[in-house]
Amino acid sequence: MSTKDAAVSARAVTDAILADLAKAERGVVVDSPPGAGKSTLVVAAAASLAERGERVMVVGQTNEQVDDLIDRMASDHGVLRIGRLSGQDYIPAPRIARHANVTARTAIADLIDHPLVIATAAKWAMLNGLADSGPRWPWAIVDEAYQMRSDSLLRIAHLFDKALFVGDPGQLDPFSTVETERWLGLNWDPMSSAVAVLLTNNPDVQVHALPVSWRLPATAAPVVSAAFYPFNGFTAATERGDRAMRWNTQPFGMTSFDLALQTAADSGWALYELPHRHTLRTDVEAVDACAELAARVLLRGAVAVSEQGRRDVTAGRIAIGVAHRDQAAAVRRALAARAAAYPVLSGPDRDVTKVVADTANRLQGREFDVTIMLHPLSGRRDATAFHLEAGRLCVLASRHRHACVVVARAGIPELLDAHPSAEPVHLGVPVKFPDGWEAHQSFMAHLADFRVPGGV
Amino acid sequence: MAETIEALERRIDELRVAVREAVLSGDPALAKTRRAELKRAEQAWEDALAVATVSAVPAPAETVSGQAVPEASPVAGPGEPGSLLPLREQVYEALSLLQVPAAPKLIATVHEAFFGSTFPTTRVTSLKRDEERSFRTAPFARPYYICAALSADYLSPSRGLLAVSTWPMERRVIGSLSPRVDFLTAAIRVADAIERIPTPPVTARRLLQRFAASIPGASGGARDQVKPDVVRQAADAELSVHADADSRMRREAADRARRQLANAEQLFGAKLQPVSDEAGPNAG
Amino acid sequence: MTVLAALARAAAAATGRALPTKTVRHVHLSRRPLVLVAAQLAGEACAPLAVLAGDDREKPHLLVVYEPRDRTQRFAFAADLAGIILSAIDRHVEDDGDPETPYPDAPQLLVPNLPHVTFLRLLGRSTRFRKTEGQHAVPPAVPLLGRWLTYYAERAEVTPSAMLVPMTAALADHWATGQSATEDANLAALLGWIDPPDGMSGPAAARAAEDPVRCPPAGPVTDPTFDNEVLAPVLQAMREAALAGDDARLARARASMDQALRSQLESTWALMWRAVDLLGGLPAAAHVEQRWLADRRSFTNQVAWIRDGGAPQARRDSAVAAARRLARLEREQQRLAVERAYDDPLVMAEYRMTGEAFAGEVTEAEPARLEQGRRPVLRPWITVATADEVLFTRGAVLKSPVRPAQQATVVDIVSPGATAGGDARTRIVLELKGGMGRSLTPPPGTVPAVGEQVTYTSLRDDFQPAPKFPDIDDTPWTHGGPPPEYVPDDEDAREDWS
Amino acid sequence: MNSDQPPGPVEARLDRLRGRALPVNHNARTISALAANPGCPRRALMDAAGVDKQKIAAHIGYPAPFGQSRFAIGRGNAFEARVKENGAAQLLALLREHLDLDVTEVGYTDFNDVAGNPSRELRHVRTRQALTGQDFAPRTLFDHPLLRLRVGGRHAYLEPDLIALRLDGSFHVIEIKSFPVIDGQADAGKVAAAAIQSAVYVRALRDLIAEAGGDPGRVSHETILIAPRDFASQPVAVSVDVRKQLGVLDRQLVRMTKIADLLEPCPATLTFDLDPDRDGTPRRPREELAAALALVPASYAPECLTTCELCFACRAEAAGSTGALGKSVREDLGGIEYTAQALALARGQLPSAEQAEIAVLLLRAAQLREQLLGEVFP
């Protein structure tokens, strides 16, 4: 659909949501697919509630997220007085400090008169007093609510009367390091997401879904929507023509890397396929390929052309997504090695070490121009629930505005075929869709058309 | 010369191990022969003991083959009052109370509840065969026979249900609604029977509870004291839903049975040419 | 699993003998543990057949249920079992002390494997709600036993706890066998690898252990061929004797059932004590005593709770209870991980493999280094040379197991290439803070000296304060509001057992 | 049992593979077991050919470790009987509250035999008539109807415990199991097994309806599990969504049809025939049979120990491989195939290019163990 139509339909939904807020008994839930303008909605909702003279508490999951939100709000609504409730050792990030209308305090008492107070769920939980005593807000806005575990909602729920829950249902579920079977099937399973528990206990709460993704290009939205959002699909706000990737330089000859990047630039996707082999998680070849691809994007001077105009793809606009922490560490080392190798890769924008290399969990909610994914199943002998989790793949496949290059060893479809499907079934636990297995299959099927043989 | 008890005991232990090894090695044939050996050894042991201990051992109420699943035989505590009546009479008593075809288990439970004695259901099944044999040898020699209920569609004996030969055919044929209808009717009969007794025994009240549990509105809240009249009303209420359709089907089937079947078959059911021994006793 | 553990398994497979994966014992072992081995009727939710239990390896008590499906006999069994377990508990209760201080010791329960834990949990679940008077009354000890078994089973979910220990888990934690984890679940096979009979190799012993005739499974579910070829005929004989009212035959049948079940339980009983000796042979890790103290506390509280007439444990956790429990389990788990690494160089080695820790030699030290600020503070620097691969970056905050009160911040990392003289070791410069007293000169020993072997890790034993949760009565609307209060009803008492 | 069409080349080869023995009939359990280790060519081939793995395993000296206790069987039968007694009175009560089954819906039909004749063909025909509404008796509960499903080359006959037809005209498969549901929770492994079995029935039922020109969508993916509640034998009904299991099953059935690819590399003469004498005792030399077995590669994992009759044979074969120690071990050893290799690298043997990374770790690990335990590697 054209950007204009997209804006229209998106606005329609936002209006409906804000209208709902006005008459909601208890609360409203908004499902937001990747890059569908979640923060925009949060900011708008906060502002409109504040305009109605309601005091609002905003709940983020990490300090990163909270600061991002504050920055957005403070810029969009310069007059609004925003309180930033923080821990002792929090030093306001520059992007916060620059706003005159933001006050950061460690004690809620100093902020209680602010129409808008923002903090992490953990920090809010500190004000835990008896339900009837202590401060209370008529409204709360809970961001990334699908990543919030219901037990942490339990700790703050007595602070507000009504709440707006916003989040992306397609991303990673909360997890724990301990055995949690004993709670399965309970309406208040502490392991399920805040939204899941809220909805099971309050079935009449309204659920809205944002219809278009501003981030994902027309090449990606249908794929991601089909694989990971089978029940509430979405479309791209832009059309194929609206986005493009150009290069400032021509490569000397076409290496497999350049081919992969070219394919990705043209079609939005590339599968950089290394020869089949069973490897360690930190498969050096694969890790190097990821780093090399990132380096190439910088070396060749990629330019992202979009409805927002032209801009160079700087190091900070490139992400390398992996499944495990040790893989992320390995990638960072590989990047550092390249920085050492080519002096060119150390300018402010071209500093290859500034490329964001991290796990899916930590890339959630973030956006880049180009992403490079080390496929969770690459080089594996057999898949595990962890590696098959749909949310993990979804995060890695939905961070980019322009192109996504998947680095993987050959043989993943065969691996999936041989995967024994004997997951336990727990009574009273609703079947989760999409099934990770299915999602992986359909994603690999799509990538097959953009295969570039690598490592040759 | 018989072995000593100790020797036999050792043999028995060894044989038990041998049998298990045969089973584990996936050799059923070997296991079978060794099992037989074991049984003999055990019998020898029993006999040896019987000789040793002077106490005369009365024959067991029934001997169940080693193959039988113990669960199938009833769990009766010692000293349970046994009835003096022959089995067919006891079954007759129970069926006459219920007035509908019933399965051995229900028959046994009813008899225990209202006539104070129970019997192994395994024997009830064999009873049917005896009855058929005696009828075929001397038709209508007895005032009544414990006979089969007939499935409405093929007029073949309906699995595991017993009836009384003197009942009208309409009552002895089973359509698809009949199991439910007969269940409700039985519930009503049991309720009536309980009301007739000044102080109904626990077993009887528990039986009524079991019925009530599966009839909407019959439990009337308190599960412990179900009221007979409440059960009757509830059962009647649901009965009125199915009664017409059921009796229509049964009348149609009964006519067919009377037209098509010979006397013996009317009582014990029509048989297709049996293709395997599972098809019940050979109609000859 | 890690490379280190995987290598140990591979080596064990090659040598035909289990290999240690710990240098110390991380689980508490009581002087007189209560060992329990059970047999259960196949196909039933929880139908005990027999139990061999006691704290004297020479004289175990054997309890047998002759008619496993008979409600009264089951509760009679439960009462007998209560006799054993409750008296063990009572032996540890000292009521003269004040309620704040934990009892000097607590009754530790050892079982062969995880299925036994489940068995005890279900046995507890099926007995703790029983009523002791009115219709369906049971002996008073029964519901009490139920609450204690439930307590033990729930305690077993807390990873650091040693109140109820499944032996296979304890052994597999300290040794690596040359077989798979699945096969390690068989106590006899596991012990076969760790301590094979003379002249037998580990694998041979393990195979022998898989023959259910020679070596009855640890249960609680008995071997099918035992059920079909031994137990069923005996039960049958018993029923016939009962029907015939023949007491002599009944007695004989019961005797042979005792004998049959004893034969199934005895070998596992022996294995349990062999396992106790093997584990006992390892020196206890430093934190074991402290963790056992937590168990003693929890035990003391449970005694008080029951004495003060607290309600039996709920069927399922309420929203608040669930969240509380999860928070506790996660904290305990995390603490345990750190303690094990601090106590055991072989566990720490796992972290050294993954770059979350390094060990090396102190090559330089400035113990008296001061940081000049408004007023100077003591901030010694030391340089550690290590052959381990270091993944830390500047600013990372580390700790050393031997100086838990002290924080070490990574100031600089010099990779081998950069160092002169071909030393292949990485050099890490650390700034130390805390654990050195008030004065500006550190007391001797508080700062690692040159030449000292040290280990530093990002594993920290300082934890966030325990999270607070609302009271049950304040359960918010998001979680369904306050749950109804538990009132024991007849259903609980009636619920007949099979 | 054999398929209606004359056997094609694949069927012919499968028949040779099986030899003289009658093909073991698939049932819901064996079919669902197909999904347990889909990566194993040996198992896939033998199942497709209907080879009696149990017999083979026993004959080569590795009898399967599975037996069933008669107590478990007895308990199962007793519970099913109890649920179905008196026109399934208890079940009706449950369905009425669970599926709000209408009070008029009480029709109960027994498909265990047709007029005393237990022949499966007859029962299947009768089932088809009844399920596709070709007879007009009011039916709600179908007791042991006989369904059919095409597995590999041939038809497998399937006997669900019960099928319930709701007034709204949609079919619900009912599975009666005797494992307990305690406080709303049950053994997740057993529920999973029940779920995939139910899925097999749903698939077979959908095919049957489709063949009769009906709408397969009428068969609900919401199946009903009936099991004892807590510790009593009172039944409880829980609905189980088997959509995922249906997906898994369909994939497996498709793989079964691609069996030719697995046959391709095997010698045309390959057979697992036991050469039984008159009373069925195998005469084929063990070694020969074992050799034949070895011609078809297996992918053994410890998980097989609970799912496959051949597990002990395959385990013995896999001795010395890292996979035999468990998937996670094999993974941690960087996919190295044999423990001996891993140890050689740990001892410092020069690695191949592919082994370079893991070699570093193994060497390091060995050094650490040596430092801390004074252990020297074999």
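How many salt bridges are there between domain 1 of chain A and domain 2 of chain A? Let's work through this and three further exercises on a predicted model.

**Exercise 1. Describe how the two domains of chain A meet, and count their salt bridges.**

*Solution.* Start with the bounds: domain 1 of chain A covers 3–213, and domain 2 covers 221–453. Their centres, taken over C-alpha atoms, are separated by 29 Å. Next, look at the contacts: 22 residues of domain 1 of chain A touch 25 residues of domain 2 of chain A. Together the two domains of chain A bury about 1900 Å², with carbon and sulfur atoms giving 56% of that area. Finally, the count between these domains is one salt bridge.

**Exercise 2. Check the salt bridge of A:Lys432 against the distance cut-off.**

*Solution.* The partner of A:Lys432 is A:Asp173, and their closest N and O atoms are 3.8 Å apart. A salt bridge requires a side-chain nitrogen of Lys or Arg within 4 Å of a carboxyl oxygen of Asp or Glu, so the pair A:Lys432 and A:Asp173 qualifies at 3.8 Å.

**Exercise 3. Explain why strand S17 of chain A is largely enclosed, and find its neighbours.**

*Solution.* First, take burial: seven of the seven residues of S17(A), residues 368–374, are buried, so the strand is largely enclosed by the rest of the structure. Then take the pairing with strand S15(A), residues 318–322, which is parallel and has four bridges. Here A:Gly321 has A:Met373 in S17(A) as its bridge partner. Strand S18(A), residues 400–409, also runs parallel to S17(A), and six bridges join the two. In that pairing, A:Ile372 stands opposite A:Val405 of S18(A).

**Exercise 4. Locate the largest nonpolar core and identify the helix that gives the most to it.**

*Solution.* The largest nonpolar core has 99 residues, and those touching the most other members include C:Leu36, C:Trp148, C:Met167 and C:Phe299. Helix H10 of chain C, residues 247–280, gives the most to this core, with 13 residues. Zooming in on C:Met167, its contacts beyond four places in sequence include C:Leu110, C:Leu187, C:Met272 and C:Leu279. Apart from the largest core lies another of 76 residues, among them A:Leu427, D:Val51, D:Val181 and D:Leu208.

As a last step, turn to the chains themselves. Five pairs of chains touch, and chains C and D have the most contacts among them. Chains A and B share no contact, and their closest C-alpha atoms lie 25 Å apart.

Note on methods. Residues are numbered from 1 along each chain as its sequence is written. Chains are lettered from A and ligands numbered from 1 in the order in which they are written. This is a predicted model: local features need pLDDT of at least 70, side-chain atom pairs count only at pLDDT 80 or more; totals for chains, interfaces and linings use all residues. Side-chain values use heavy atoms; hydrogens and water are left out. Buried means under 20% relative accessible area, exposed over 50%, partly exposed in between (1.4 Å probe, protein chains only). Two strands pair if DSSP finds at least two bridges between them. Contact means heavy atoms within 4.5 Å. A nonpolar core is a set of buried Ala, Val, Leu, Ile, Met, Phe, Trp, Tyr and Cys residues joined through side-chain atoms within 4.5 Å. Domain bounds come from an automatic or database domain assignment. Buried area is the accessible area (1.4 Å probe) that two parts lose on being put together, summed over both.
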